[in-house]
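Colleague: Could you take me through one part of this model closely, and then show me how the rest of the picture fits around it? I would like to know what is buried, what is exposed, and how far to trust it.

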Amino acid sequence: MANDESSNRIFDQLDPSRRDFVKRVLAGAAFAAPVIATFSIESLGVTAAYAQGASGSSSVSSSAPSGSNPGASSGPCLQDLGYVGPERFEAHVADTSGNTRVNGELAIKIDGDYDAARSAEVRLDMTRDSVVTSAYLAINGVNVVNLPLVEHHEADPHYYTGKICSSDIMNLCDFDALLQSLASQLVTAFVLGTYLGTSFSAQGAVVPASGGAIIQIKP
Amino acid sequence: MFPGRPVPKAKVGLDISASEDGYIVFQPELDRVHFLNHSAVLILELCTGKNSAREIAELVQQAYALPDPPFAKVDEAVANLKELGLLELD
């Protein structure tokens with residue numbers, strides 16, 4: 001967060017009733033591209049009854065599509081029995097809008113102590129000169145997690161890194177449900193952005209990375 | 001602020017709920033709900049009707065101590081907010 005003088009200039013403009021909340025949300029947060037993920041209330045209404053991790057968004061901009069519920073949350077959340085499956089996943093994303101030929105590679109690696117791991121490292125390498133404004137994972141067209149990516153300009157091609165954790169999960173029971181959906185190849189990666197001023201919308205199926213280890217995460 | 005420059009303004013009476021890491025904005029009349037992350041929250045809150053998008057980008061730069069104002073990202077976010085009906089029309 002900025003120094004006190006700058007902070008005051010900013011916060012003095014905010015609605016007093018929400019000023020403290022905005023301060024709290026921003027405290028210690030690094031800048032991430034703005035995200036506005038949109039869903040139909042109807043679709044969330046069905047999901048919300050059993051979604052445990054719907055906590056909003058946390059990454060890069062633009063609107064995620066609304067639609068039917070993800071297959072992984074098409075019923076009440078059953079007891080979490082942990083996760084047994086691949087440690088790494090990958091997706092080749094390519095622009096399907098017809099505007100550009102932007103493409104890239106998304107890599108996801110479950111990290112941490114496997115007894116309690118509930119986070120994953122994400123890396124996205126995209127075509128040179130492309131600027132990513134939004135990236136998320138979706139099941140059946142429904143956003144289940146925004147990817148909070150930070151851009152690294154010094155590299156060629158541009159690459160982005162980020163971390164997703166339990167609190168980032170939307171429309172799924174929990175983080176393990178995301179892992180199981182990834183392992184079952186139900187997840188599609190979406191990357192939106194611009195290439196030299198032209199917008200692109202790249203997507204690709206997320207699959208287990210070849211040669212990756214099989215891990216076990218306890219409930 | 002320069003005369004004639006569009007100044008985005010958040011719609012009055014938005015149904016906003018705070019979540020752990022952002023806002024949840026309900027639009028029951030459109031059967032929609034929006035999740036905004038922290039930077040989108042700040043941009044929406046700075047859409048006071050007094051700041052241009054450029055000024056908002058400069059404030060965001062200060063808020064996050066960025067080396068440069070994120071003009072493109074703020075422009076896009078403002079456009080998205082407007083398209084979604086969260087901002088007053090010009």
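**A close look at helix 2 of chain A**

Modeller: Happy to. Let's begin with the outward side of helix 2 of chain A: Pro16(A), Asp20(A) and Arg24(A) are exposed there, on the side away from the buried residues. Please keep in mind throughout that this is a predicted model.

Now turn the helix around. In helix 2, which covers residues 16–26 of chain A, Val22(A), Val25(A) and Leu26(A) are buried. Looking down the helix axis, you will find the buried residues within an arc of 85°, so they line one face of the helix. The cover over that face includes parts of chain B, namely strand 2 (22–27), helix 1 (38–46) and helix 2 (53–64). Just past the end of helix 2 of chain A, Gly28(A) has a positive phi of about 75°.

The same valines come up again when we turn to the nonpolar cores. The largest core holds 44 residues, and Leu124(A), Val144(A), Val145(A), Leu178(A) and Val191(A) have the most contacts inside it. Strand 6 of chain A gives this core its largest share, six residues. Val22(A) and Val25(A) belong elsewhere, in a second, separate core of 36 residues that also includes Phe35(B) and Ala53(B).

Strand 6 of chain A is worth following a little further. Strand 6 (residues 130–139) runs antiparallel to strand 10 (residues 187–195) of chain A, and nine bridges join the two. Across this pairing, Tyr136(A) sits opposite Phe190(A). Strand 10 of chain A is also joined to strand 11 (residues 198–205) of chain A, by eight bridges and again antiparallel. Here Gly193(A) has Phe200(A) as its bridge partner. Two residues separate strands 10 and 11 of chain A in a hairpin, and Leu196(A) in the turn has a positive phi of about 50°.

For a contrast with those buried helix residues, try Val150(A), which lies in strand 8 (residues 150–152) of chain A. Val150(A) has 15 C-beta neighbours inside 10 Å, so it counts as partly exposed. Leaving aside residues up to four places away in sequence, Val150(A) touches Ala30(A), Ala32(A), Tyr160(A), Thr161(A) and Gly162(A). Its C-alpha atom is 9.4 Å from that of Arg123(A), 27 residues away along the chain.

Over in chain B, helix 3 (residues 71–83) makes a useful check on geometry. Its 13 residues should span 18 Å at 1.5 Å a residue, and the end C-alpha atoms are 18 Å apart, which agrees. Lys73(B), Val74(B), Glu76(B), Ala77(B), Val78(B), Asn80(B) and Leu81(B) are buried in this helix. Gly85(B), just after helix 3 of chain B, takes a positive phi of about 80°.

Stepping back to chain A as a whole, there are four helices and 13 strands. Of the 219 residues in chain A, 42% are buried. When contacts in chain A between residues at least 6 apart in sequence are considered, 72% of them join residues at least 24 apart.

Finally, your question about trust. Chain A has a mean pLDDT of 76, with 76% of its residues at 70 or more. Confidence in chain A is highest in strand 3 (residues 88–95), at 94, and lowest in helix 3 (residues 41–48), at a mean of 46. The pLDDT is below 50 over residues 45–75 of chain A, although this stretch has 125 contacts in the model beyond near neighbours in sequence. Where pLDDT is low, predicted coordinates should not be read in detail.

Notes. Residues are numbered from 1 along each chain as its sequence is written. Chains are lettered from A and ligands numbered from 1 in the order in which they are written. This is a predicted model: local features need pLDDT of at least 70, side-chain atom pairs count only at pLDDT 80 or more; totals for chains, interfaces and linings use all residues. Two strands pair if DSSP finds at least two bridges between them. A residue is buried if 20 or more other C-beta atoms lie within 10 Å of its own, exposed if 12 or fewer, and partly exposed in between; C-beta atoms are placed from the backbone. Two residues are in contact if their C-beta atoms, placed from the backbone, lie within 7 Å. The expected span of a helix is 1.5 Å times one less than its number of residues. A nonpolar core is a set of buried Ala, Val, Leu, Ile, Met, Phe, Trp, Tyr and Cys residues joined through C-beta atoms within 7 Å. pLDDT is the predictor's confidence in each residue, from 0 to 100. The arc is that of the directions from the helix axis to the C-beta atoms.
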